[in-house]
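Open the model in your viewer and keep the sequence panel visible. The stops below go from one pair of strands outward to the whole chain.

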Amino acid sequence: MAVVKELLRAENDGTLSFGDYTLGSKTKLEGFEFQGDIYKVKTFAEITKLEKNGMFVYESVPGTAVENFKTGDGIVSFKVSAPKDAQFTLELEADSEYTVYLDDMNIGDMATNLSGKLSVSAELEEGKSIEVKIVKK
């Protein structure tokens, strides 16, 4: 899986790809229009963060590359890669239950907190990506 050198791009299948964990210093792209919304990404080796219309969507520590990010109908799905293990946090519906899948393996049910944040740790390694799917119960 390659990093997203454009920092943020719209894919032909209606999804978003973002993040470049190879950057040595924080780099950002603002004002990216996609399906009527405005996106902003900040990314480098230590963190990757995506905002939609000024609101938190995704954050990872350390930085990651995310491909085919899609939300809708109670499901969030994407592919993520990084040179080492990472933790990513998503903004979902507050105080709700979700089932988390990594590479189609159910890793369990998780609940969001009152602010709607859900954090997942993933074992990652250079050159490989994992598929993430989070489904509302």
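Start by selecting strand β5 (residues 47-52) and strand β6 (residues 55-61), which run antiparallel and are joined by five bridges. Strands here are DSSP runs (E, at least two residues; helices are H or I, at least four), numbered from the N terminus, and two strands pair if DSSP finds at least two bridges between them. This is a predicted model, in which local features need pLDDT of at least 70, side-chain atom pairs count only at pLDDT 80 or more, and totals for chains, interfaces and linings use all residues. Residues are numbered from 1 along each chain as its sequence is written, and side-chain values use heavy atoms, with hydrogens and water left out.

Stay on this pair and pick Lys49: its bridge partner in β6 is Glu59. Then go to the turn of the hairpin of β5 and β6, where two residues lie between the strands. Asn53 takes a positive phi near 50° in this hairpin.

Next, add strand β9 (residues 86-91) to the selection. β9 runs antiparallel to β6, and four bridges join the two. Show Ser60 and Phe88 as sticks: Ser60 stands opposite Phe88 in β9. In a regular strand the side chains alternate between the two faces of the sheet.

Now move to strand β4 (residues 37-44) and select Val41, which is found there. Is Val41 buried or exposed? Val41 counts as buried because its relative accessibility is 0%; buried means under 20% relative accessible area, exposed over 50%, and partly exposed in between, with a 1.4 Å probe and protein chains only. Leaving aside neighbours within four places in sequence, Val41 is in contact (heavy atoms within 4.5 Å) with Leu7, Leu8, Phe18, Thr27, Lys28, Leu29, Lys49 and Leu50. Lys49, the bridge partner of Glu59, is thus met again in this list. For a longer view, draw a distance from Val41 to Met110: their C-alpha atoms are separated by 26 Å, and the two residues are 69 apart along the chain.

Finally, zoom out and show the whole chain. The protein chain has 13 strands and zero helices. Its C-alpha trace spans about 35 × 35 × 30 Å along the principal axes. Buried residues make up 42% of the 137 residues. Among contacts between residues at least 6 apart in sequence, 46% join residues at least 24 apart. To end, colour the charged side chains: 16 are positive (Lys and Arg) and 24 negative (Asp and Glu), with His and the chain ends not counted. The centres of the two sets lie 3 Å apart, each charge being placed at NZ of Lys, CZ of Arg, CG of Asp or CD of Glu.
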